[in-house]
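Me: Hi! Could you walk me through the structure I'm about to paste?

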Amino acid sequence: MKFDVIMQGIDYEIVQQSALNDNIESIALDSRQVKEKGMFICLRGLQVDGHTFIENVAQKGASVVVIDREQEFYPPNLTVCKVLDARKSLSYIAANFYGRPADKLRLFGVTGTNGKTSVTYIMESVLRRIGDPGLIGTVGISIKGKKLNIPFATSTTPDPPELQQIFQHMLDNGGQDVVMEVSSHALALHKMEGLFFEAAMFTNLTQDHLDFHGTMENYLAAKAKLFGQCRYGVVNGDDKYSPQIMTIGNCEKWITYGIDSDCDIRALHIKHMPEGSSFDIEIEGVLENFYLPVKGKFNIYNALAAIGAALAVGISVEHIKSGLAAFEGVPGRIQSVPNDKGFHVLVDYAHSPDGLVNIINAVRAFTTGQVITLFGCGGDRDKEKRPIMGRIAGELSDHCILTSDNPRSEPPKAIIDRIEEGVKDTSCSYDTFVDRRDAIFKGVAMLKSGDALIIAGKGHEDYQIIGDQTLHFDDVEIAKEALAAC
């Protein structure tokens, strides 16, 4: 693709002119992925500065580098293009390179601390009643309900080159709508620049990712950015941060949803059943009944977010009802591990204080015996939430098992010790196991008929990061082994 096409709509200056190759064949932000006749965008990260790899990518045959910081020397035969902000420019470069596929798709974005994945899955189920939607998020990528093997480097929202490739793939395969998780990191790092969402949904905001954002104010500001680039803003009216989201954002129309307060879309007459929940919503003066085949009050909130977005874009009530009723749940979200022993073993992704409150309360609602909560906290991440989560688990559970999550570069015992500080503030009994497998086996062995074991923190993840190693580890697999052994 020609250089001027790739840089269309971007302010830039040529710092060093080489014989520009009219056929730039690839773009990359990772120097290891640079190819001959490619363009390399130099990003300044938290730990690595892409500008330090300019000589390396020139040796690999790159023809253009995009910078936002000048240096004294550049390798010859390399065109150097300077922009004001390389991160912001990357989103536009990637869109131009792939032919701006997002312009031909209807995008739905979901942001918030908890519930993003579940909302996207519920919304995708609704959209499948009217077409062949795509889905992008923490659990992976799918189109027409079929999972695709398209890996991406980040955990929730792909980097712009990967994201634009995914959009193009979905467009090529008949997709019209795409629903995606939009993380606060993605928004803060300008990954969503240039995209327009038909509807954006805000679930909630609780303490998380402060290792990256620093303060709750910064965290909120990052989330709120999404509502400056959407037509309909659908926000949780029961969350205390929604008024600030609505003040910062500038959507064409706002829609509130909730349970406890008077909202545009409010769940009434809620009934919790062993297999799911039902509730009513007044829509244009008519009381409509909805059924959701998953448990928990928090899942009703997730459903309300999807209902609000669906109604905003004109999807019929009957299609919405059908989509909710067909929802099959999300891997690793209050996922039951089957057994015939009369107790519950549940795997859930809850890894924030609010997430832990939600899952324990949801399980408590259908458990006749004791609730045992097993969890850890990730290393090299928000350390302040560790004792908070320990205290929450201790207050809401009958017994806690503290263990490792993804310790990364931190000593696992040190992480557990911080969680333990919070549990000690309660009267709850607890055990500690550095080895997560041992912890799961202990939890299952403790269960009696009517009890429930919550294995929280990793959910769908099938790995554990210890030091610089990524090892296979699947909570569901280990739980099944423990059940077979007891």
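Reply: Happy to; here are some notes on strands and a helix. This is a predicted model, so local features need pLDDT of at least 70, side-chain atom pairs count only at pLDDT 80 or more, and totals for chains, interfaces and linings use all residues. Residues are numbered from 1 along each chain as its sequence is written, and side-chain values use heavy atoms, leaving out hydrogens and water.

Me: Great. How buried or exposed is strand 20?

Reply: Five of the five residues of strand 20 (residues 371–375) are buried, so it is largely enclosed by the rest of the structure. Buried means under 20% relative accessible area, exposed over 50%, and partly exposed in between, with a 1.4 Å probe and protein chains only. Helices (H or I, at least four residues) and strands (E, at least two) are DSSP runs, numbered from the N terminus.

Me: And which residues sit on each face of strand 20?

Reply: Val-371, Thr-373 and Phe-375 are on one side, with Ile-372 and Leu-374 on the other.

Me: Which way does strand 20 pair with strand 21, parallel or antiparallel?

Reply: Parallel, over four bridges with strand 21 (residues 399–402); two strands pair if DSSP finds at least two bridges between them. Leu-374 stands opposite Ile-401 there. Strand 20 also pairs with strand 23 in the parallel sense over four bridges, where Val-371 faces Ala-452.

Me: Switching to helix 16, which of its residues are buried?

Reply: In helix 16 (residues 475–485) they are Asp-475, Val-476, Ile-478, Ala-479, Ala-482 and Leu-483. They cover an arc of only 160° around the axis, which puts them on the same side of helix 16. That arc is taken from the directions from the helix axis to the C-beta atoms.

Me: What covers that buried side of helix 16?

Reply: The cover includes strand 18 (335–336), strand 19 (344–348), helix 15 (436–446) and strand 23 (452–456), with contact meaning heavy atoms within 4.5 Å. On the face turned away from the buried side, Ala-484 and Ala-485 are exposed.

Me: Last one: what order do the strands take in the open sheet of five?

Reply: The order is 1-5-4-3-2, with mixed pairing. Strand 1 (12–16) and strand 2 (26–28) stand at the edges with a single partner strand each, so one side of each is left without a neighbour in the sheet. Strand 1 pairs with strand 5 (residues 79–83) in the antiparallel sense over four bridges, and Ile-14 stands opposite Cys-81 in strand 5.
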